[in-house]
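Thank you all for making time this morning. I would like to walk you through one chain, going from the whole fold down to single residues, so please have the picture open while I talk.

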Amino acid sequence: MIERILFGGYTKKGGKGVYTAELNTTTSQVSVPLPYISSIDGPTYLAKSDKGILYVVTKKGEKGGISAFSLTGKQPELLNDSLSIGSSPAYVSVDNARDLVFSANYHTGYICVDRILPDGGLSRSDSVLQEGKGPRPEQEASHPHFADLTPDGRLVTVNLGTDTVTTYQINEDNKLSNPVTFHTDPGFGPRHIVFHPSLPVAYLVGELSSKVSVLQYSANEGSFSVKQTLSTIPSDWTVHNGAAAVRISNDGKFLYVSNRGHNSIISYQVDAGGNLTDNGFTSTFGDFPRDFAIDPTGNFLLAVNQNSDTGTLYLRDPSNGHLTPAQINIPVPEGVCVLFRREHTLD
């Protein structure tokens with residue numbers, strides 16, 4: 001079976017933008033990634049709608065925002081851009097049920113909501129400025145790093161600069177309201193969050209602290225409380241590390257976090273209540289791993305190393321969560337995002 005992959009990344013050192021490749025699940029190999037969308041600056045995060053529209057973080061001159069590309073033809077087609085003054089966002093996600101796109105702008109402090117137009121393009125419907133700061137030098141201002149849906153349809157945002165996780169209700173006019181804010185320990189530096197597929201539990205990764213917290217989630221209130229916090233790095237690791245992406249297996253039995261500095265992926269076993277137990281480290285065989293993704297079958301995990309311009313493919317054992325390297329040094333220029341194109345799987 002062939003699974004198609006998109007890679008997003010920087011365009012500072014020769015990266016061409018969005019790349020495409022194929023995973024052959026029979027041979028356990030990824031093809032050489034090829035440029036796919038080259039007319040874009042810094043597409044560091046990607047999200048795709050159920051209608052075959054790709055929403056890409058972009059920078060154009062003095063403005064940053066999201067570009068919408070149709071993937072339904074032979075070649076990607078730019079539909080339009082939703083831009084505002086300032087740097088590009090750090091994250092983009094899609095609400096297929098309400099035809100909305102959310103983005104979090106690390107540099108400006110804004111959470112933005114865009115309405116998806118009939119052709120798949122975007123029109124800005126709301127923006128909320130998150131303000132504040134934290135105790136560490138990296139927390140001199142508000143730095144939203146994530147904006148995506150909760151299982152019950154709220155928007156959840158994660159702010160590295162203010163040590164907060166905030167949920168919003170989404171009104172019928174596509175406006176954000178009724179914020180409920182959870183505060184982490186000072187200096188935790190939250191970056192991304194993922195929800196358990198069946199339990200009222202979420203997993204919050206702290207970039208600055210190199211920790212992951214297990215949070216109890218209340219759908220009635222949109223609130224969180226801490227159940228458990230663990231390190232993402234070995235106790236004897238004393239040099240710089242920044243935890244990055246967090247993913248959970250479809251069956252909810254294993255959680256994974258990437259470490260930039262330790263250059264590893266740590267796995268955790270998830271018990272019946274959602275708590276975690278360390279399940280071992282695996283090298284990413286490269287420098288500064290950012291994003292990674294589990295493929296639709298659950299049998300593979302694909303990570304990208306930004307500084308070494310490489311990707312690593314692992315076989316994932318669904319029974320114990322262990323990762324076994326299957327292919328290293330996949331050439332992914334300045335790669336920071338991995339997206340499997342699920343509806344384009346071919347036999």
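Among the contacts in this chain between residues at least 6 apart in sequence, 46% join residues that are at least 24 apart. Please keep in mind throughout that we are looking at a predicted model.

What kinds of secondary structure does the chain have, and how many of each? The chain has 29 strands and zero helices. Its radius of gyration is 19 Å, and the globule rule gives 20 Å for 347 residues, so the chain is as compact as a globular protein of that length. If you draw a box along the principal axes, the C-alpha atoms fill roughly 45 × 45 × 35 Å.

Let us turn to the inside and the outside. Of the 347 residues, 58% count as buried, while the accessible surface of the chain comes to about 13,900 Å², with 49% of that belonging to carbon and sulfur atoms. As for charge, there are 35 negative and 27 positive side chains, and the centres of these two sets lie 3 Å apart.

Which residues have the most contacts inside the largest nonpolar core? That core has 49 residues, and the ones with the most contacts inside it are Leu-54, Tyr-55, Ile-193 and Phe-224. Strand E6, which covers residues 53-60, gives the most to this core, with five residues.

Now I would like to look at two single residues, beginning with Phe-69, which lies in strand E7, residues 63-70. Is Phe-69 buried or exposed? Its relative accessible area is 4%, and because buried means under 20%, Phe-69 counts as buried. Leaving aside neighbours within four places in sequence, Phe-69 is in contact with several residues, among them Ile-53, Leu-54 and Val-56, and also Pro-76 and Leu-79. The C-alpha atoms of Phe-69 and Asn-80, which are eleven residues apart along the chain, are separated by 7.6 Å.

The second residue is Ser-31, which sits in the loop between strand E3 (29-30) and strand E4 (34-37). With a relative accessibility of 32%, Ser-31 counts as partly exposed, because this value falls between the 20% and 50% cut-offs. Again leaving aside neighbours within four places in sequence, Ser-31 is in contact with Ala-21, Glu-22 and Ile-330. Finally, Ser-31 and Arg-4 are 27 residues apart in sequence, and their C-alpha atoms are 9.8 Å apart in space.

Key
Residues are numbered from 1 along each chain as its sequence is written. This is a predicted model: local features need pLDDT of at least 70, side-chain atom pairs count only at pLDDT 80 or more; totals for chains, interfaces and linings use all residues. Side-chain values use heavy atoms; hydrogens and water are left out. Helices (H or I, at least four residues) and strands (E, at least two) are DSSP runs, numbered from the N terminus. The radius of gyration is taken over C-alpha atoms; the globule rule is 2.2 Å times the number of residues to the power 0.38. Buried means under 20% relative accessible area, exposed over 50%, partly exposed in between (1.4 Å probe, protein chains only). Contact means heavy atoms within 4.5 Å. Accessible areas come from the Shrake-Rupley method with a 1.4 Å probe; for residues, only the protein chains shown count as cover. Lys and Arg count as positive and Asp and Glu as negative; His and the chain ends are not counted. The place of a charge is taken as NZ of Lys, CZ of Arg, CG of Asp or CD of Glu. A nonpolar core is a set of buried Ala, Val, Leu, Ile, Met, Phe, Trp, Tyr and Cys residues joined through side-chain atoms within 4.5 Å.
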